[in-house]
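User: Could you take me through one part of this model at close range? I would like to follow the strands and what packs against them, one after another.

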Amino acid sequence: MSSVVKLLNKDIQDYINANLNTDLHSLLLKKSPFPEVSMQEIVQQIKGKQVAERKFPFLLKEGIIFPPQLNLEQSSSEKTALYKSGILKGNIFIDLTSGFGIDAYYLSQNFDHVTLVEQNTELLEIVEHNWNTLGLQANFINKKLEDFLKQNQEHFDVIYLDPARRDQQKNKVFLLEDLSPDILEIQETLLSISDKVVIKLSPLIDLKYLVSVLPDISRIEIIALKNDVKEVVVFLSNKNTEEIICSCVNLESGESGFTFIFGEEERAESEYSEPEKYIYIPNNSILKAGIFNLISQKFGLKKLHPNSHFYTSGEKKKDFPGRILEVEPVDSKNIKKKEQFNIISKNYPLKPDEIKKKYGLKDGGDHYLIFTQSKKGKIILKSV
Ligand SMILES: C[S@@+](CC[C@H](N)C(=O)[O-])C[C@H]1O[C@@H](n2cnc3c(N)ncnc32)[C@H](O)[C@@H]1O
């Protein structure tokens, strides 16, 4: 730890704070003005403060030390962590993959006893230092969690895991085996020491695959922030739950959440119709859940076409989890050049950029132009 604590020297901290907006590439080419720390270490702290401003502003305090870039990137954001903290409480909490401890900081707030396990020694030392600085208490265990589990005798109210990707290969099917730890290998052990195991997973993971390989799932949370799906969180329970409750939320959107029973989609059906007064565009947490018929059935909406996820109704269904637009049909001959619209194109031969070019439209403004198809053919709708 001594190597990072020296970064807290007042002159070094003043230098870091004075360079928060300096170009980091040019700073890296300079020689460190302090013999005891390298320029790389200084830049790491500057990057940490920059990321903290965006992702976890509660750490913008005196005496906080930031880890390398990868650990910053792997951390959850304050907003999703806060949401998860609202659905977890108990007495004893353990985070088996602490990382920089952002999730642990929030998730442990409704617990009396907290343990953090992390295999990376330097990272855990930084977390321990920061938690002490923040006046927080926890038991810090620097071990591989598999080794910890072998020796552990304790029972926990909640076990939390946020596994790391083993590699960053793109275009690869996202499997649990690609994560560290491999949940498939430890799920039984975890459920033998806790009734509630909560696992954060990537939004890329396939839900049907998850349900097929994790037999004890009791709940799934699909968490979006401003319509960007950030996390799929699964809850395992050994209480033999027959139904899997699935919740979709879109934080900071003002939209309602939506909860359903996994499998309901298979029994749901949609009716179809030509566009009526209102068009509904589900948010991305609903699209991730794949409940295209269920959403139509639950809200009494009709779908425009089997290949797109636009819905319609004559009366406004206010609680719909997504965007609701009042629309009127437009004849393409009446689209005027240089008009400004947000263009949406789904199940239509031209992409938004091509549409913009063809009709000479400008992007943006308060109104939408939707290019799509109903069962009768191509349609253009304008929001009013
Ligand atoms: C995605 S990060 C966790 C980030 C954390 N949730 C946060 O919000 O800051 C995953 C962490 O798990 C640790 N980890 C992965 N496999 C582990 C294992 N088998 N034993 C202990 N720690 C492990 C990694 O070192 C990494 O720091």
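Analyst: Happy to, and please keep in mind that this is a predicted model. Let's start with an open sheet of nine strands, whose order is E3-E2-E1-E4-E7-E9-E8-E10-E11 and whose pairing is mixed. At its edges stand strand E3 (139-141) and strand E11 (258-261); each has a single partner strand, so one side of each is left without a neighbour in the sheet. Direction ignored, neighbouring strands of this sheet are turned by 15 degrees against each other on average.

At the E3 edge, the partner is strand E2 (residues 113-117), which pairs with E3 in the parallel sense over three bridges. In one of the pairings, Thr115 has Asn139 in E3 as its bridge partner. Helix H8 (residues 121-133) packs on the sheet here, touching both E2 and E3, and its direction makes about 170 degrees with that of E3. Another helix that packs on the sheet is H10 (residues 183-193), which touches strand E4 (158-161), strand E7 (197-201) and strand E9 (228-236). The direction of H10 makes about 160 degrees with that of E4.

Now let's move along the chain to a region with a record attached. An unreviewed UniProt entry carries the annotation "domain: THUMP-like" for residues 323-376. Over residues 323-376, the chain is 48% strand and 15% helix, with the end C-alpha atoms 24 Å apart.

Strand E15 (residues 322-329) is a good guide to the pairing here. With strand E12 (residues 278-282), E15 runs antiparallel, joined by five bridges; Pro282 stands opposite Gly322 in E15. E15 is also joined to strand E18 (residues 377-383), again antiparallel, by three bridges, and there Pro329 stands opposite Leu381 in E18.

Finally, a single residue deserves a look. Ile335 lies in the loop between E15 and strand E16 (340-345). Is this residue, Ile335, buried or exposed? Its relative accessibility is 12%, and because buried means under 20%, Ile335 counts as buried. Leaving aside neighbours within four places in sequence, the residues in contact with Ile335 are Val330, Tyr359, Leu361, Leu369, Phe371 and Ile380. To place Ile335 against E18, take Lys382: the two residues are 47 apart in sequence, and their C-alpha atoms are 9.9 Å apart in space.

Note on methods
Residues are numbered from 1 along each chain as its sequence is written. This is a predicted model: local features need pLDDT of at least 70, side-chain atom pairs count only at pLDDT 80 or more; totals for chains, interfaces and linings use all residues. Side-chain values use heavy atoms; hydrogens and water are left out. UniProt positions are given in the numbering used here, feature names are shortened, and annotations may be inferred rather than shown by experiment. Helices (H or I, at least four residues) and strands (E, at least two) are DSSP runs, numbered from the N terminus. Two strands pair if DSSP finds at least two bridges between them. Buried means under 20% relative accessible area, exposed over 50%, partly exposed in between (1.4 Å probe, protein chains only). Contact means heavy atoms within 4.5 Å. Axes are lines fitted to C-alpha atoms, for helices over the stretch in contact, and angles run from 0 to 180 degrees between N-to-C directions.
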